[in-house]
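Here's a walk through the sheets of this protein and the pocket around its ligand. Have the viewer open as you read.

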Amino acid sequence: MTGHAIVVGGGIGGLATAVALRRIGWRATVLERAPELGEVGAGMSQAPNALRALAELGVEAEARAVGVPTCSASNLRRSDGRYLQRARPGDPTPLLAFHRADLHRVLLGAVPADWLHTDAEVTDVRQDDGGVTVVAGGAQHRADLVVGADGIHSAVRTVLWPDAEPPRHLGRTAWLGVTDVAGLPGDLTGSVTMGNGDLLLIHPVSRGRAYWALLTSQPTAGVRYDDEKAAALDRVGDWHQPVPDLIRATPEAAVIRTDIRELPPLRTYVRGRAVLLGDAAHAMSPDRGQGAGHTLEDAVVLAHTLATEPTIDVALARYDAERRPRDQATARGARSDGARTASSAGQRLLMAMVRLMPAAVWRKGLAPDGNPTWRWQPPELPVRSS
Ligand SMILES: Cc1cc2nc3c(=O)[nH]c(=O)nc-3n(C[C@H](O)[C@H](O)[C@H](O)COP(=O)(O)OP(=O)(O)OC[C@H]3O[C@@H](n4cnc5c(N)ncnc54)[C@H](O)[C@@H]3O)c2cc1C
């Protein structure tokens, strides 16, 4: 079966969907509200499951060329710098860290330019027996199917899932930044440091830079500080190096803050010929580093079902059945991990357990097949276009 889909959103999810559809011989029209395609934001890591999805999308080599192995999953530290577990030379580093813009560019490079439309904010979606009509910026687009890849505040979901609960704040916020690391002291191979209910993550990213993220409790959403960088430093300025110098070295304008939200679980990802994917379907707490990874998985599975089932309706039903349980289980796990690390008592317990764990057991969990989420294998796409 071949066809034409409108993909709403040109983020990682929308582009991955367009790449996947192209692989199976479908056409796509990508509608992005921003005037230009590109990722704002800082960094992220991708685990073996997501890297396999990228391979199935045909962009593994390009992704590996801009991804940097990170020891963040192996190096767990206390705020005074003591390692509770530490990577040894030669240990596997199954996570690759990316600047978001790099990963976005890799996907963008695999989408035909004439599929992409910017300044195209989708405001309405209508369905009839023949397919879907999507309204964007005064223009109407027709297709067999619409994919809502338009993020946590999805317009497609708002129009077609009026019963869905809105995203909820999880009582936490995050400061994020990327900066050059030349001359900075300390271990920049990737780490997680915990203290006082705060968590600071470091990943090395391309071109001699590092990405850092500081997650902290913030009961009220929407709080803003006059100087976000100073507010972040207030919390961790006396932690071990390179934490304070890394934040100090980050240009003020490059410090981003985002409240942590999730989407309450949907009962279905499918309404007629409309389907949700990525954060539009399952925005989750970042504590397992899997939101975008599961988005890449979604794109591969959606294309596989469209390529192998006899009708679009059957394909979408299978997509929903395959993806929703996995996405929602990971989201539940991420929420509970986040709740644990957001409290000083929870952190102390976790750190005590990690410290007592034999290094061999710790390392086994960090092998590419070391945890169930990472073991996911993509279905093989019947490739009709490279
Ligand atoms: C602090 C933090 C750290 C994270 N770290 C990781 C990590 O390490 N690893 C990982 O895998 N995930 C991570 N995530 C999750 C990841 O960022 C998201 O899951 C991922 O970006 C979702 O991609 P998406 O394409 O579904 O949505 P988005 O990235 O939100 O993209 C949606 C796109 O749709 C466009 N759009 C929105 N509305 C409309 C409209 N009406 N019409 C047209 N276009 C529209 C937007 O402009 C945007 O381009 C993290 C998240 C946070 C908050």
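## Two sheets and a ligand

In this predicted model, strand β5 (residues 76–78) and strand β14 (residues 191–195) run parallel and are joined over three bridges. Within that pair, Leu76 sits opposite Val192 in β14.

Zoom out and these two strands turn out to belong to an open sheet of seven strands, ordered β6-β5-β14-β15-β16-β13-β17, with mixed pairing. At its edges are β6 (83–85) and β17 (256–262), each pairing on one side only. From one strand to the next, the twist averages 25°. Helix α11 (residues 344–356) packs on this sheet, where it touches β5, β6, β14 and β15 (198–205). The direction of α11 makes about 65° with that of β6.

Now pick out Val205, which lies in strand β15. Is Val205 buried or exposed? With a relative accessibility of 4%, Val205 counts as buried, because the cut-off for buried is under 20%. Setting aside neighbours within four places in sequence, Val205 is in contact with Val68, Ala97, Phe98, His99, Val178, Ala210 and Tyr211. For a sense of distance, try Pro310: it is 105 residues from Val205 along the chain, and the two C-alpha atoms are separated by 43 Å.

There's another open sheet to look at, made of three strands in the order β9-β10-β11, with antiparallel pairing. Its edges are β9 (122–128) and β11 (139–143); each has a single partner strand, so one side of each has no neighbour in the sheet. Neighbouring strands here are turned by 20° against each other on average, direction ignored. Strand β10 (residues 131–136) and β11 run antiparallel and are joined by five bridges. Across that pairing, Thr133 stands opposite Arg142 in β11.

On to the ligand. Which residues come nearest to it? Of the 29 residues around the ligand, those are Gly13, Glu32, Arg100, Val122 and Asp279. A few polar backbone atoms also lie at these distances from ligand atoms:

| Residue (polar backbone atom) | Ligand atom | Distance |
|---|---|---|
| Ile12 | oxygen | 3.5 Å |
| Ser45 | oxygen | 2.9 Å |
| Gly289 | nitrogen | 3.2 Å |

Taken alone, the ligand exposes 1,000 Å², and the protein buries 86% of that. The elements that give two or more residues to the shell around the ligand are α1 (12–23), β3 (43–46) and α9 (291–308).

Notes: Residues are numbered from 1 along each chain as its sequence is written. This is a predicted model: local features need pLDDT of at least 70, side-chain atom pairs count only at pLDDT 80 or more; totals for chains, interfaces and linings use all residues. Side-chain values use heavy atoms; hydrogens and water are left out. Two strands pair if DSSP finds at least two bridges between them. Helices (H or I, at least four residues) and strands (E, at least two) are DSSP runs, numbered from the N terminus. Axes are lines fitted to C-alpha atoms, for helices over the stretch in contact, and angles run from 0 to 180 degrees between N-to-C directions. Contact means heavy atoms within 4.5 Å. Buried means under 20% relative accessible area, exposed over 50%, partly exposed in between (1.4 Å probe, protein chains only). A residue is near a molecule or strand if one of its heavy atoms lies within 4 Å of it. A polar contact is a pair of N or O atoms within 3.5 Å; within protein, one must be able to donate a hydrogen and the other to accept it, and residues adjacent in sequence count only if both atoms are side-chain atoms. Accessible areas come from the Shrake-Rupley method with a 1.4 Å probe; for residues, only the protein chains shown count as cover.
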